[in-house]
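Here is my note on the structure you asked about. Please keep the 3D view open while you read.

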Amino acid sequence: WLKPFSCSSLFGQASTVQQHATRRPRAAASADYEVPCVRLSARVFLHIASEAEMRVSTRIAEGHELTARLVQVASMLPEGPTKSLLHSFRICTKCHQFKRWGEGHDGGYLTCQDGLEGGKIKAAYSMGVEGHDKWSDDVYEALKVPVNQFDCTVDLPAQKCPDCHFFKACLSAPGGAGGISGKTNWDLEEALKQTGQGNATDRSLLMKMDIEGA
């Protein structure tokens, strides 16, 4: 009288549960059944969420440890580009609340939520959109700010939120180093000027960067 039902596994598989649901007493509505797998799935989901949070915390701790090692190595080097490069690889602040914005797999980014509330962010930048950029949609929905999308390797943006603005340009270092030959390349200062944020105040902009070369 009740077809076998399927519980979707959180590990990417699906298993058909070959059992009937447990009927409640007659006093309950005839269609009111207990489904054991639903309660089980909820417990498994909470367990997975807890493990994911622990993994993020572990990665953050590993990042701070790596930063300390790079600073130690840099301190032993003479002044020059190598020392400057190693000093640039540092975690400049801590984050207490992360949220994933973007696609579920490639194209999804853990984005720090600290300091984003209260209208502090005036604009966002998505550097590298390729064929998917749900991050822009999620940022607009959450913050309701202009989102500037940059990518010189595609002709059109992947997403068109109500206040998304696409620029067919890539990032380069000041002077043009790291730019893509034959394409429009701007350094970060020029990108800010082109989007009306040349005089932006500290911590008023949000950026996601997924690019190569610059």
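The points below go from the whole chain to its cores and then to its charged pairs.

1. **Overall make-up.** This is a predicted model. The chain has four helices and twelve strands. It is 214 residues long, and buried residues make up 29% of them. The accessible surface comes to about 14500 Å². Carbon and sulfur atoms account for 55% of that surface.

2. **Contacts along the chain.** Take the contacts between residues at least 6 apart in sequence. Of these, 41% join residues at least 24 apart.

3. **Helix α3.** Start with residues 134-143, which form α3. Its buried residues are W135, S136, D138, V139, Y140 and L143. What covers them? Strands do part of the work: the cover includes β5 (98-102), β6 (108-112), β7 (123-127), β8 (147-150), β9 (164-167) and β12 (205-209). Just after α3 comes K144, with a positive phi of about 55 degrees.

4. **The largest nonpolar core.** In soluble globular proteins, nonpolar side chains tend to be buried together. Here the largest nonpolar core has 14 residues. Those with the most contacts inside this core are W101, A124, W135, V139, L143 and L206. Helix α3 supplies the largest share of the core, four residues.

5. **A second core.** Apart from the largest core lies another, of ten residues. A123, Y125, M127 and F150 are among them.

6. **W101 close up.** Which residues does W101 touch, leaving out those up to four places away in sequence? From α3 and its core the list includes W135, V139 and L143. D138 and A142 are also touched by W101. So are G107, G108, Y109, T111, Q113, L116 and L206.

7. **Salt bridges in helices.** Side chains of opposite charge can pair when their charged atoms come close. A search of the whole structure finds seven salt bridges. One joins R69 and E65, at 2.7 Å from N to O. Both residues lie in helix α1 (residues 36-75), four residues apart, so about one helical turn separates them. E65 is partly exposed, with a relative accessible area of 42%. Another bridge joins K193 and E189, with the closest N and O atoms 3.8 Å apart. These two are also four residues apart, about one turn, in helix α4 (residues 188-194). Both K193 and E189 are exposed.

8. **One more pair.** E117 forms a salt bridge with K120. Their closest N and O atoms are 3.4 Å apart. Are these residues buried or partly exposed? E117 is partly exposed, with a relative accessible area of 45%. K120 is partly exposed too, at 45%.

Conventions:
Residues numbered from 1 in each chain as written. Predicted model: local features only at pLDDT ≥ 70, side-chain atom pairs only at ≥ 80, totals over all residues. Heavy atoms only, no water. Buried < 20%, exposed > 50% of the residue type's maximum accessible area, 1.4 Å probe, protein only. Contact = heavy atoms within 4.5 Å. Areas by Shrake-Rupley, 256 points an atom, 1.4 Å probe, with all protein chains shown as cover. Core = buried A, V, L, I, M, F, W, Y, C linked by side-chain atoms within 4.5 Å. Salt bridge = Lys/Arg side-chain N within 4 Å of Asp/Glu carboxyl O.
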